[in-house]
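Please examine the structure shown below together with its sequence. The paragraphs that follow lead from its pockets to one of its helices and then to its aromatic rings.

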Amino acid sequence: MSLNAYEVFVAIAERGSFSAAAHQLNLSASAVSHALASFEQELGFTVFVRNRSGARLTVGGEALLPTVRQVLQRNDKLTQQALKLLGLESGTVRIGAFTSVSVAWLPKIIRSFADLYPKIEVAIEQGGYDDVAEWIVKSRVDLGFIIFPAPPGLDVTPLYSDPLVCIAPLGFAPTSKAYITAPELADHNVVLQREDYGKETEQILAKHQISIKSSARAIDDAAIIAIVESGLGISVMPQLALLNYRNAVQVFPFYPPESRVIVLASLSQASLAPAAKTMHQHIVELVAAWSKGEGGSQS
């Protein structure tokens, strides 16, 4: 079986259609179809169900996908190691991240990394905490930003303790004026994020055994902030998520302090390809510098 067929198989699985896979790989539609047909013939079973909306994996295809991704990663690692012996730096690093890291950190990380290693490509996947952890396990990404505690079996490096804050509309006044306590959340309408995108709020509620009322739920940070700004409630957010927003909301720290710990995860640091190892080290050093400077922000 050829590596080209493996690449076609993974591209169709990730993009959901033959045409999108062809565009990604810069191949003709007929070349993609031929490669997949040869792949399925060698396997002896089909790996996709075709329909008008695109293509979806069969049970057999779903079972093969993690292994095929690992084969491609091993080949990439072999190529990178060979190039490194020639004094070159090349390869592709795939990173998974949730929204606040994607907005506040990744642009600076990618730009500074590209200045040092212009021949290494960086691909980004954005999703919720559970999405990123699953992508790491299934080898869809090499590195992923997730929240501690991490799922079993992942190799993690703690990066940053991100304070949680309460955002509220202008005119809102907590009891203390300067901070808010977790039990006070029960007295107000709390705007929540979709499950897996707002675990910080759930952890605070569970920790303090608080029941709240909520009439709004949103999927991203910008939507949460806009809803709060309009006066429809208050919300709990990581401080990192507010760095690039200049909305008309008030921000109150929690007392006692609440936080989330952001970690950089992979299946195994030791088995990372050279490009991914280099990116791992770059991220750890960069975030450490930011943490010492401005509490997670970047200048």
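**Pockets, a helix and aromatic rings**

The second largest pocket is lined by 19 residues, and those nearest its centre are Q73, R74, D142, S271 and L272. The model in which this pocket is found is a predicted one. The volume of the second largest pocket is about 230 Å³. Helix α4 provides the largest share of its lining, namely six residues, and both α4 and β3 supply at least two residues each. Sorted by class, this lining contains six nonpolar, eight polar and five charged residues.

The largest pocket may be considered next. Its volume is about 660 Å³. The lining consists of 21 residues, of which E14, Q24, L72, T92 and R94 lie nearest the centre. Two or more lining residues come from each of α1, α2 (18-25), α4 (59-85), β3 (91-97) and β4 (120-126). In the lining of the largest pocket, nine residues are charged, seven are nonpolar and five are polar. Pockets of this kind can be located by calculation, because rolling a probe the size of a water molecule over the atoms shows where empty space is left.

Helix α1, one of the elements that contribute to the largest pocket, deserves a closer look. This helix covers residues 3-15, which makes 13 residues. From its first C-alpha to its last it reaches 18 Å, close to the 18 Å expected at 1.5 Å a residue. Which residues of α1 are buried? They are A5, Y6, V8, F9, V10, A11 and I12. In reading such a list, it helps to recall that an α-helix has 3.6 residues a turn, so residues three or four places apart point the same way. Just after α1, G16 adopts a positive phi of about 80 degrees.

The aromatic rings complete the picture. The model contains eleven aromatic pairs. In one of them, the ring centres of F9 and F39 are 5.3 Å apart and the ring planes meet at 45 degrees, so the pair counts as tilted. This pair links distant parts of the chain, since F9 belongs to helix α1 and F39 to helix α3 (residues 29-43), 30 residues apart. Are F9 and F39 buried or exposed? F9 has 0% relative accessibility and therefore counts as buried. F39, at 2% relative accessibility, counts as buried because the cut-off lies at 20%. Both residues also belong to one aromatic cluster, formed by Y6, F9, F18, F39 and F48.

How values were computed: Residues are numbered from 1 along each chain as its sequence is written. This is a predicted model: local features need pLDDT of at least 70, side-chain atom pairs count only at pLDDT 80 or more; totals for chains, interfaces and linings use all residues. Side-chain values use heavy atoms; hydrogens and water are left out. Helices (H or I, at least four residues) and strands (E, at least two) are DSSP runs, numbered from the N terminus. The expected span of a helix is 1.5 Å times one less than its number of residues. Buried means under 20% relative accessible area, exposed over 50%, partly exposed in between (1.4 Å probe, protein chains only). On a 1 Å grid over the protein atoms alone, a cavity is a set of points where a 1.4 Å probe fits but cannot get out, and a pocket is an open set with protein on both sides within 12 Å along at least five of seven lines; lining residues have an atom within 4 Å of a point. Grid points are joined across faces, edges and corners, and a volume is the space filled by probe spheres set on the points. Ala, Val, Leu, Ile, Met, Phe, Trp, Tyr, Cys and Pro count as nonpolar, Asp, Glu, Lys and Arg as charged, and the others, Gly among them, as polar. Rings of Phe, Tyr and Trp (its six-membered ring) pair if their centres lie within 6.5 Å; planes under 30 degrees apart count as stacked, over 60 as edge-to-face and the rest as tilted.
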